[in-house]
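Me: Please take a close look at one helix in this model. I would like its burial, its ends, its packing and its ring contacts in one connected account.

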Amino acid sequence: MQVDAVVLDIDGVLVDVADSYRRAIIESVDRVCGKTIDRGAIQSFKDAGGFNNDWELTYAAALFVVARREGLRMDVESFTDRIAADEAGGLEAAKRVVADLPDVAQARVRDQWDTDRLHAVFQALYLGEELYRELEGGDPPVATTGYIHDEPTLVEPATIDALTERFDVGVLTGRPAAEAEIALDRVGLDVPDRHRFTMDDWEEGKPHPRALVELAERFDADRVAFAGDTLDDVRTARNADREDGDRVYYAIGVLTGGLTGESGREKFADAGADAVLADVNELVELLE
């Protein structure tokens, strides 16, 4: 696989977010709604597509929990299957699923569905008190040290050295810019602002291809590899390949996020991945 540029996702590729972002999703829904989903359900939402933004996944999970309380007769697999079948995907599709409820029940759901509160609790749990005051402003609604400190690195320094020495390296992530900077500092990857796209830099989110195509243009690259841990990462590369006839985009699935084992390999392959790696450190050998 010969490429000129490598683009990396952060979560589940460079750092492990099982005990940070994903833990914050579960606990935010529990604290605000009095009931929550499990880790497997989070992956069902991710696989459905359109949940590059973990805040929106939190809102959708809370919507599911509250709608079930008000009479929605679906388990999480049925709920996320409906989202996956919706062309828009993501949170908007989740809202349409809940529209199956009678009008009175929908009104009760809306009364209980407090996205502002969910956002504040999520950020307080994830960032902790000090970073919350710095990045969000004001006092956090929950007092914690912050799950952001529980993100083991997945990428080895030798891998970063090898990639940056041989290729142009960019970052494409659903994290806000400030949180992306924290993770990149932790793993020792120095990427200039021009070579990264965060939540703050593009409205569409994955799997929309615009950000990946723009990175390829900025690198003046003919062949680009994009490594990510979700099906939407693979779909982003496939969409870029269809949209941009001047370049080749390779989709690389990494099994250190929510997709693991043989079933993870199969899901990546079904989504169109060109290769599936046990972790990002195998990327150097793949690209030799």
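Reply: Here is a close look at helix H2 and its surroundings.

This is a predicted model: local features need pLDDT of at least 70, side-chain atom pairs count only at pLDDT 80 or more, and totals for chains, interfaces and linings use all residues. Residues are numbered from 1 along each chain as its sequence is written, and side-chain values use heavy atoms, with hydrogens and water left out.

H2 spans residues 39–48. Helices here are DSSP runs (H or I, at least four residues), numbered from the N terminus. Eight of the ten residues of H2 are buried, so the rest of the structure largely encloses this helix. Buried means under 20% relative accessible area, exposed over 50%, partly exposed in between (1.4 Å probe, protein chains only). The buried set is Ala41, Ile42, Gln43, Ser44, Phe45, Lys46, Asp47 and Ala48.

Now the ends. Asp38 caps the N-terminal end of H2. One of its side-chain oxygens lies 3.2 Å from the backbone nitrogen of Gly40. A polar contact is a pair of N or O atoms within 3.5 Å; within protein, one must be able to donate a hydrogen and the other to accept it, and residues adjacent in sequence count only if both atoms are side-chain atoms. After H2 comes Gly49, with a positive phi near 100 degrees.

Next, the packing. The buried residues of H2 pack against H1, helix H3 (54–69), H4, helix H11 (231–243) and helix H12 (261–271). Contact means heavy atoms within 4.5 Å.

Phe45 deserves its own look. Phe45 is buried, at 0% relative accessibility. Ring pairs link Phe45, Phe51, Phe64 and Phe79 into a cluster. Rings of Phe, Tyr and Trp (its six-membered ring) pair if their centres lie within 6.5 Å; planes under 30 degrees apart count as stacked, over 60 as edge-to-face and the rest as tilted. The model has seven aromatic pairs by this rule. One of them, Tyr21 with Tyr126, is stacked: 4.1 Å centre to centre, 10 degrees between the planes. Both tyrosines, Tyr21 and Tyr126, are buried. Phe45 and Phe79 pair edge-to-face, at 6.1 Å centre to centre and 65 degrees between the planes. Phe79 lies in helix H4 (residues 76–85), so this pair ties H2 to a part 34 residues apart in sequence. Phe79 is buried too, with a relative accessible area of 0%.

Both rings also belong to the largest nonpolar core, which has 82 residues. Such a core is a set of buried Ala, Val, Leu, Ile, Met, Phe, Trp, Tyr and Cys residues joined through side-chain atoms within 4.5 Å. Phe45 and Phe79 are among the residues with the most contacts inside it. H3 gives this core its largest share, eleven residues.

Technical notes. Helix = DSSP H or I, 4+ residues; strand = E, 2+ residues; numbered from the N terminus.
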